[in-house]
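The exercises below are meant to be worked with the sequence and the coordinates side by side. Each task is followed by a solution that proceeds in steps.

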Amino acid sequence: MDASIKESVKASDKEAQYDEKAKKLLGHKIILAYILVNTVEEFQGMNPEDVVKYIEGEPYISTVPLDPGMTNTKERKEGSIKETETPEQIRGLNTENSELNEGMMRFDIIFYVRMKDGLTQIIVNIEAQKEEPGKYYILNRAIFYIGRIVSSQKGRDFVKSEYNKMKRVYSIWICMNMKENSLTQIYLTKKNIIGSHDWKGDLELLNIIMIGIAENLPEKEENYGLHRLLSVLLSASLEAEEKLDIIEKEYDIPIEDDIREEVEEMCNLSQGIKEKAFEGGYLMGQEEGRESGYAEAVCLMYESGLSIEQIAGIIKMSTDKVEELVNTDLMG
């Protein structure tokens, strides 16, 4: 097999592992609590440690299918679903055998949150993206995801025509490598065109939160507390000890063994991605010189899923130069 193909495959595999570690790190309840405090009105102003108790059970991480008809499934008995099963036998967001559904699209993180009144619940979905996609509008994808979560409630959270029992849904999207830090909420509203009839219903059922994380680590400021935390957690350039130091000292998050292990593994995987990309670039560029080797390394990293901005930060090259090398390769 061609050396560059081997290294690209290895780098891509590490990239996938890195993504999974990132989801698991985000899935810790204390991290989710920080996100909730900054995105769900009822929890704003609270200490994240006090919000943890409202997160019910363990968050589902990369296990709940997105595909129609699969998000809400009934308990399997001897490999099949019995036609006589009732709604009371539905066990939750997912009981699928992952081996039977390899390759299926899945929500990154999804979980229930009990509100402070002790009675109502909301459903929260969190999706992490390396950058804003260029092939489609990310907001369209967010609308599709939140629509799937809402429709999957029938038969699980309510039955027949009990639509008043629908739970509010928050779909929170974290996009890295943006031009600026941002936080946007998109929700339902109404506009009277003729008359002013008061149509009954809950306009707060659908909530999409878009969190943009700039390339550079934001300064320690109150307005950017969540952005700084997410930037530290998902950074591909900070060393493990740097991350752990900020998480513990600035956010008072206890560094449990599992958090430390996941942070260290993420950093090791990030370093492995860089090394494999550079190794591939060097092997392919030996005869054509150093510049060609760098070009190949850039293209391998790009093909492995790293963004232009991430590559520029890794090899200390301007984004314009990286984009030029990538475009030259695509045109060639």
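**Exercise 1: a buried glutamine**

Gln-121 is buried, with a relative accessible area of 17%, where buried means under 20% relative accessible area, exposed over 50% and partly exposed in between, for a 1.4 Å probe and protein chains only. This is a predicted model, in which local features need pLDDT of at least 70 and side-chain atom pairs count only at pLDDT 80 or more, while totals for chains, interfaces and linings use all residues. Residues are numbered from 1 along each chain as its sequence is written, and side-chain values use heavy atoms, with hydrogens and water left out.

Task: locate Gln-121 and find which side chains it joins by polar contacts.

Solution. Begin with the secondary structure: Gln-121 lies in strand S3, helices (H or I, at least four residues) and strands (E, at least two) being DSSP runs numbered from the N terminus. Next, look for polar contacts, that is, pairs of N or O atoms within 3.5 Å, of which, within protein, one must be able to donate a hydrogen and the other to accept it, residues adjacent in sequence counting only if both atoms are side-chain atoms. The side chain of Gln-121 has one such contact with that of Glu-56 at 2.5 Å and another with that of Lys-167 at 2.9 Å. Finally, extend the search to contacts, meaning heavy atoms within 4.5 Å: leaving aside residues up to four places away in sequence, Gln-121 touches residues including Tyr-112, Val-113, Arg-114, Met-115 and Arg-168.

**Exercise 2: the strands around S2**

Task: determine in which sense S2 pairs with S1 and how many bridges join S2 to S3.

Solution. Two strands pair if DSSP finds at least two bridges between them. On one side, S1 (residues 55-61) pairs with S2 in the antiparallel sense over four bridges, and Ile-61 stands opposite Ile-109 in S2. S3 (residues 121-129) also runs antiparallel to S2, to which six bridges join it, and Val-124 in S3 is the bridge partner of Phe-111. Between S2 and S3 there are six residues, the two strands forming a hairpin whose turn contains Gly-118, with a positive phi of about 80°. As a last step, consider burial: five of the six residues of S2 (residues 109-114) are buried, leaving the strand mostly covered.

**Exercise 3: positive phi outside glycine**

Task: describe the settings of Ser-62 and Asn-177.

Solution. Most residues other than glycine have a negative phi. Ser-62, although not a glycine, has a positive phi of about 55°; this residue is in the loop between S1 and S2 and counts as buried at 18% relative accessibility. Asn-177 likewise has a positive phi, of about 60°, but is found in strand S4 (residues 168-178), where its relative accessible area of 13% makes it buried.

**Exercise 4: two helices in contact**

Task: decide whether H5 and H6 are roughly parallel or roughly antiparallel.

Solution. Take axes as lines fitted to C-alpha atoms, for helices over the stretch in contact, with angles running from 0 to 180 degrees between N-to-C directions. The axes of H5 (residues 225-234) and H6 (residues 240-251) come within 9 Å and cross at roughly 155°. H5 and H6 are therefore roughly antiparallel, since angles under 35 degrees count as roughly parallel, over 145 as roughly antiparallel, 65 to 115 as roughly perpendicular and the rest as oblique. Among the residues that meet are Leu-229 and Val-232 in H5, and Ile-246 and Ile-247 in H6.
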